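Trainee: Could you walk me through this one before I get back to the bench? I would like to start somewhere on the surface and then work inwards.

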Amino acid sequence: MATEKKDPYLESLGGGSGTAYSKSRSAGQKDHPNNNQIIKPSLGSGRLNLFDEVVKNSDWPIPPKDEYQSSDFHVDKLISQFRDLSKPNLFKVSIWSPLGKSEVVNLLAKEATIPNTEVTKITLRRMGTAFQIPGDVNYQDVTLKFHAGQGMEVRRFFNTWQVGYVSNWQDNMATLPKAWQEGKVVIEQLNQRYESVYKVTLVNAWPVNISDIQLSHDMADARSDFSVSFTYHKMLLGEN
Amino acid sequence: MSNFIDLRRYANNLNFWNNSTLQDKFGILRQSRFVCLLNAPEKLTSQFKDLRGNGWLEWQVLAVSCPDVMISTQEMEINGWPRYYLETRRDADLSITFMESSDLIVRTFFYAWMNAGYNQIKMHRNYIEDVEAKEMKIIPITHDNRGVRADVFRGVFPYQINNLDYNMESGEGILKTEVKFKYLFHTIENINSSEEDHEILK
């Protein structure tokens, strides 16, 4: 015959048995193996359990204990349904500038970002309550990181695009419409077989910021890299 | 008899959600979604047709200030009590801001329009009927790009082209041309109503 395990801490609170919670459950309630380990603090024998009292008097739709104590999760289920998950180091970047496409630039892209999608909200207030209404789509700049290349080819590619087309700094010439009409950036997520499974296309993109390159005699093991921030007119998901 | 009005139903935000125009059949309108249908006089647009084609003016619109409607009143005092009489209706100006081009086409167009009415070199003035636009419509558009109601202006002519502000210190502004119009009638109509439908013109 099994003896009841008593909790000395709960006993010290008010002389309770320490198993008041498990005793107070209805007889027809399904037992969960973990229930035997759950010991809820009680104010002592003969007094109501505060937690049960709050649940009983509440209007909130609290699910029966069976629902939130059981779960159909199992790691075998996860493995059988998903052979693998997408990896952040499998991606491809393709960039078209007004000069055309450069395979070197695409290959030397070392970091990319799948941009966030955001819809602005319009807040309408009435009597202190805020009603949130969807507003316009807000596109934020996308930053890619590149190796500069052995002959600084990648850096030169973006310099020519930005300085020569977006705004001609040397000659103080006006912006050419071509600079933002012909730029396109495609970021693709690849699977294990290097197939494109998700694609984001930035339309009418142009480099708004080319970052600096840190040079130092201390950086013997590093390679020169820099980041380029693109701004764009709109984003297409899964299209060319 | 109670000495208060029960207004609880107005304080309930669920009633606001269900009864206000938030749940309107065409959706709530936004400031940024509108269309201007501008019909300039035919003889003027024909001069510029080669440059931009028909309907080019509507695509240059950036902002519109749809004017207020105001009836001026006359205040009198009779036996010590104030009385009001409706006097005349005075309409404010219609103001439209256009995006300017490299050849200042918008400014040139409205300059030619105003010159057709009052030419300071040849010193002649035309009747308004000869230089007015028959009809202009400002239409807010819904989420599915449809127009339902429109502010309609009839007998429209420009009377002021606003100044262009050039400034070498700022590299972030674009050139805009603001034009102010006067008009004979301002009505708010269904989008499909014709001139014959309107009471004023009957």
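Mentor: Let us begin with A:Val75, which is found in helix α5 (residues 75–81) of chain A; helices here are DSSP runs of H or I with at least four residues, strands are runs of E with at least two, and both are numbered from the N terminus. This is a predicted model, in which local features need pLDDT of at least 70, side-chain atom pairs count only at pLDDT 80 or more, and totals for chains, interfaces and linings use all residues. Residues are numbered from 1 along each chain as its sequence is written, chains are lettered from A and ligands numbered from 1 in the order in which they are written, and side-chain values use heavy atoms, with hydrogens and water left out.

Trainee: Is A:Val75 buried or partly exposed?

Mentor: A:Val75 counts as partly exposed because its relative accessibility is 44%, where buried means under 20% relative accessible area, exposed means over 50%, and partly exposed lies in between (1.4 Å probe, protein chains only).

Trainee: And which residues form the nonpolar patch with it?

Mentor: A:Val75 joins A:Phe73, A:Leu78, A:Ile79, A:Phe82 and A:Leu85 in a surface patch with about 630 Å² of accessible area together. Patch residues have over 30% relative accessible area and no salt bridge, and nonpolar side chains (Val, Leu, Ile, Met, Phe, Trp, Tyr) are joined within 5 Å, like charges within 9 Å. A salt bridge is a side-chain nitrogen of Lys or Arg within 4 Å of a carboxyl oxygen of Asp or Glu, and the areas come from the Shrake-Rupley method with a 1.4 Å probe, only the protein chains shown counting as cover for residues.

Trainee: Going inwards, how many residues of strand β10 of chain A are buried?

Mentor: In β10(A), residues 225–231, 5 of the 7 residues are buried. Strand β6 (residues 142–147) of chain A pairs with β10(A) in the antiparallel sense over 6 bridges, and strand β9 (residues 206–210) of chain A is joined to it, also antiparallel, by 4 bridges; two strands pair if DSSP finds at least two bridges between them.

Trainee: What stands opposite A:Val228?

Mentor: A:Leu144 stands opposite A:Val228, and so does A:Ile210.

Trainee: Now aromatics, how many pairs are there over all chains?

Mentor: The count comes to 18, taking rings of Phe, Tyr and Trp (its six-membered ring) with centres within 6.5 Å, planes under 30 degrees apart being stacked, over 60 edge-to-face and the rest tilted. A:Phe131 and B:Trp17 form a stacked pair, 5.6 Å centre to centre with 15° between the planes. That pair crosses between chains, from strand β5 (residues 129–138) of chain A to helix α2 (residues 13–19) of chain B.

Trainee: Why does A:Phe131 count as buried?

Mentor: A:Phe131 counts as buried because its relative accessibility is 8%, whereas B:Trp17, at 35%, is partly exposed. A:Phe158 and A:Phe226 form an edge-to-face pair, 6.3 Å centre to centre with 80° between the planes. A:Phe158 lies in helix α7 (residues 153–166) of chain A and A:Phe226 in strand β10 of chain A, so this pair ties together parts 68 residues apart in sequence.

Trainee: What sits over the ring of A:Phe226?

Mentor: The charged end of A:Arg155 does, 5.0 Å from the ring centre, the rule being NZ of Lys or CZ of Arg within 6 Å of the ring centre and within 35 degrees of the ring normal.
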